[in-house]
Amino acid sequence: MSSAATGDVASAAARLRALLGDRLHEPGEPGFDTATHLWNAAVDRVPALVARCLDADEVAAAIRVAARCHLPVSVRSGGHDWAGRALRDGGLVLDLTGLRAVRVDAERGTVTVAGGATAADLLAAAAPDDLVVPTGVVRDVGMAGLTLAGGYGPLCGRFGLALDNLLGAEVVLPDGRRVTADPRHDAELYWALRGGGGNVGVVTELRYRAHRLPAVLAGMIMFALAEAPAVLRGYAALIADAPDELTVMAGFLPGPAGEPVVFVCPFYSGPDLDAGRPWLDRLRALGTPLVDQVDPLPYADALRMFDGGMVDGNHYLLRTRWLPSPLADGAVDALVDAARQVTSPFSALALHHFHGAATRVRLGDTAFGLRAEHLLTEIIAAWPPGGDASPHHAWAERTSAALAPLALPGGYPNLLAPTETERVRLAYGANWARLRRAKRHYDSRDLLTAVPTLPPSGHPE
């Protein structure tokens, strides 16, 4: 495909202006900065055009214009994109933030969301019927971006990843066709969407299996940094015994004075919440809690504990490793050392436990490439705008390197850097060749580059 440098921006702008009017944004125009805003303020990419689409027909028309005018395409949905892949220099951004509708079918146990809906949108609509869909921990994250690459979260053990609950999707293909992808309609596209990211089409609607869950037993228990080695080793032993209904995050967060503290964050989702209390007692006994706030809460309310944890407008650099479970002593030591050497009071480390229902999906049934029990490790370097970024970059890279010898191949594609194409390949393992074939079939011109970043079609396998 032609590069963005040879794209006919003027022609594309004229065609899209006729279609969208003032919902087409160009650099320097009012609304452009808002339309290109991402959670990570370190991203400095400048697209040529932003098309704010309000339905699938507009998405299809915009994609046809991009293809005709040789402009690469990216998609901005939730905007919670650390690597900036929602914006392509010199390209066309499809802004789906206006597609936020949610439909709940309580009788059939399904929830259908538009392509720009966030986890908060979905959960708010489903709450009156005591229904939930597995989400991540941040309510502002777009459901499409979360789901297409995976979707770790607090309900992973009981209900699987977000993608494991995707029943079907409405998709605009890179040639502008609108299609349905589900087990009966284009099953190969349905397979690729569940883990392959947004690389094969633009998803304008997602339909999920919903689960009745009136409340969870959830909250935060924090301990002093000095207790971190014992807490993390005890955490590793506990989650090895945990039932599906108990998924526990752990890691390091900034404490009240900015100093790191070690945390465990349980979500017990069984029908009898009292059955989860002995597990909470075991977690409390890992040390002397500084904070102990665990209560029965609606799932959506429990997620509010993470609101504001990663401030919109800060600068971020993320690195990730898949660590085997149980957590090895060497990994505990590396994580504790990283917490002690942290360069910013805004940075964090998080461990997400992949277990239970998520491990019982056969590897070949979705594009997602790792179904063994493991811990997804997030290394989150965060700092305010301005100042020298290099110490924070170095901390994240040093931590990732320390964990590398202990890690499984690859890593969570949603968190891998755009340049880490070899790790993306390893992340998909046995599913890699099939996913590459799907990319060539549905997007042979490489119009779309999304999370995770797949190398161009001409790249060696």
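**Strand β16, its sheet and the cores**

In strand β18, Arg319 has Ile379 as its bridge partner, and Leu317 likewise stands opposite Ala381 of β18. These contacts belong to a predicted model, in which local features need pLDDT of at least 70 and side-chain atom pairs count only at pLDDT 80 or more, while totals for chains, interfaces and linings use all residues. Residues are numbered from 1 along each chain as its sequence is written, and side-chain values rest on heavy atoms, with hydrogens and water left out.

The pairing of β16 with β18 (residues 374-383) is antiparallel and runs over 10 bridges, where two strands count as paired if DSSP finds at least two bridges between them. Helices (H or I, at least four residues) and strands (E, at least two) are DSSP runs numbered from the N terminus. The wider setting is an open, antiparallel sheet of 7 strands in the order β15-β12-β14-β13-β17-β18-β16. Because β15 (291-297) and β16 stand at the edges with a single partner strand each, one side of each has no neighbour in the sheet. Neighbouring strands are turned by 15° against each other on average, direction ignored, with axes fitted to C-alpha atoms, for helices over the stretch in contact, and angles running from 0 to 180 degrees between N-to-C directions.

Two helices can be followed from here. Helix α8 (residues 228-241) packs on the sheet, touching β12, β13, β14, β17 and β18, and its direction makes about 165° with that of β13; contact here means heavy atoms within 4.5 Å. Helix α11 lies across β13, β14, β16, β17 and β18, and runs at about 150° to β17.

Although β16 is an edge strand, 9 of its 10 residues are buried, so β16 is largely enclosed by the rest of the structure. Buried means under 20% relative accessible area, exposed over 50%, and partly exposed in between (1.4 Å probe, protein chains only).

The aromatic residues add to this picture. Trp322 and Phe368 form an edge-to-face pair, at 6.4 Å centre to centre and 65° between the planes; Trp322 lies in β16 and Phe368 in the loop between β17 and β18, so the pair ties together parts that are 46 residues apart in sequence. Trp322 is buried, with a relative accessible area of 1%, and Phe368 is buried at 2%. Phe368 also forms a stacked pair with Phe354, at 6.1 Å and 15°. Rings of Phe, Tyr and Trp (its six-membered ring) pair if their centres lie within 6.5 Å, with planes under 30 degrees apart counted as stacked, over 60 as edge-to-face and the rest as tilted. Tyr152, Trp322, Phe354, Phe368 and Tyr412 form one aromatic cluster.

The largest nonpolar core has 65 residues, and those with the most contacts inside it are Leu232, Tyr235, Phe252, Val264, Leu327 and Leu351. Such a core is a set of buried Ala, Val, Leu, Ile, Met, Phe, Trp, Tyr and Cys residues joined through side-chain atoms within 4.5 Å. A second, separate core of 60 residues includes Leu131, Val171, Val179 and Ala181.

Some backbone details remain. A cis peptide bond, with omega about 10°, joins Ser325 and Pro326, and Pro326 is found in the loop between β16 (315-324) and α11 (329-340). Asp186, in the loop between β9 (178-181) and α7 (187-196), has a positive phi near 55° and is partly exposed, with a relative accessible area of 31%.
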